[in-house]
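Dear colleague,

Please find below the structure that I am handing over to you. My findings follow directly after it.

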Amino acid sequence: PIHPRLRELGTRLRDGLVEIAARHGRRLVAAGQGPVFFAWLLAEGEVRTFRDHLRADFATYGRFAEQMLHEGVRVIPGGRWYLNAAHTAEDVEATLAAADRAFARIAPAS
């Protein structure tokens, strides 16, 4: 029953990232189900089209990705997130803790 576990872990990671970003004055929009999702930093709106995607704050997301590397977590700069069968609930919680520290180190949203 790997798929239900991956969906649960992915949902926890995706929703946790949105919550953590908000605590740091950022608006992270995430789309996708389970172990594969996309994340963007946006001032407003959702991402439904490529034009919406282009409105994302790629510079800040890149700084976030760099800070995650300092935490030992490799984040794909384009905003794609993947989990696989090797990931555990502990991995997700460690990633969320790393994201909290990473967002704390980048300048707050203006």
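Which exposed residues does the face of H3 turned away from its buried side carry? They are Ala59, Leu69 and His70. Please bear in mind throughout that this is a predicted model.

Helix H3

Helix H3 covers residues 58-70. At 1.5 Å a residue, its 13 residues should span 18 Å, and the end C-alpha atoms of H3 are indeed 18 Å apart, so expectation and model agree. The buried residues of this helix are Thr60, Tyr61, Phe64, Ala65, Gln67 and Met68. Viewed down the axis of H3, these buried residues fall within an arc of 165°, and they therefore line one face of the helix. As general background, an α-helix has 3.6 residues a turn, so residues three or four places apart point the same way. The partners against which the buried residues of H3 pack are S2, S3 and H4. Just after H3 comes Gly72, with a positive phi of about 90°.

Thr60 may serve as an example from this helix. Its relative accessible area is 4%, and because buried means under 20%, Thr60 counts as buried. When neighbours within four places in sequence are left aside, Thr60 is in contact with Arg26, Leu41 and Ile106.

Helix H1

Helix H1 takes in residues 2-23. The same check can be made here: at 1.5 Å a residue, the 22 residues of H1 should span 32 Å, which agrees with the 32 Å between its end C-alpha atoms. Buried in H1 are Leu6, Leu9, Gly10, Leu13, Arg14, Gly16, Leu17, Ile20 and Ala21. These residues cover an arc of only 165° around the axis, which puts them on the same side of H1. Strand S1 (28-31), strand S2 (36-41), strand S3 (80-82) and helix H4 (89-105) are the elements against which the buried residues of H1 pack. On the face of H1 turned away from its buried side are the exposed residues Glu8 and Arg23. Gly25, which follows H1, has a positive phi, near 80°.

S2, S3 and H4 thus appear among the packing partners of H1, and S2, S3 and H4 are also the partners of H3.

Pocket and cavity

What is the volume of the largest pocket? The value is about 250 Å³. Its lining is made up of 13 residues, of which Val73, Arg74, Trp81, Tyr82 and His87 lie nearest the centre of the pocket. At least two residues of this lining come from each of S3 and H4. By type, the lining of the largest pocket consists of 8 nonpolar, 2 polar and 3 charged residues.

As for enclosed space, the count comes to 1 cavity of 30 Å³ or more. The largest cavity holds about 30 Å³ of space. Its lining is formed by Ala39, Trp40, Leu41, Ala56, Asp57, Phe58, Tyr61, Pro77, Gly78 and Gly79. S2 and helix H3 are the elements that give two or more residues to this lining. The largest share, 3 residues, is supplied by S2. The lining of the largest cavity divides into 7 nonpolar, 2 polar and 1 charged residues.

Two of the residues named above recur: Tyr61 is among the buried residues of H3 and also among those that line the largest cavity. Leu41 is in contact with Thr60 and likewise belongs to the lining of the largest cavity.

With kind regards

How values were computed. Residues are numbered from 1 along each chain as its sequence is written. This is a predicted model: local features need pLDDT of at least 70, side-chain atom pairs count only at pLDDT 80 or more; totals for chains, interfaces and linings use all residues. Side-chain values use heavy atoms; hydrogens and water are left out. Helices (H or I, at least four residues) and strands (E, at least two) are DSSP runs, numbered from the N terminus. The expected span of a helix is 1.5 Å times one less than its number of residues. Buried means under 20% relative accessible area, exposed over 50%, partly exposed in between (1.4 Å probe, protein chains only). The arc is that of the directions from the helix axis to the C-beta atoms. Contact means heavy atoms within 4.5 Å. On a 1 Å grid over the protein atoms alone, a cavity is a set of points where a 1.4 Å probe fits but cannot get out, and a pocket is an open set with protein on both sides within 12 Å along at least five of seven lines; lining residues have an atom within 4 Å of a point. Grid points are joined across faces, edges and corners, and a volume is the space filled by probe spheres set on the points. Ala, Val, Leu, Ile, Met, Phe, Trp, Tyr, Cys and Pro count as nonpolar, Asp, Glu, Lys and Arg as charged, and the others, Gly among them, as polar.
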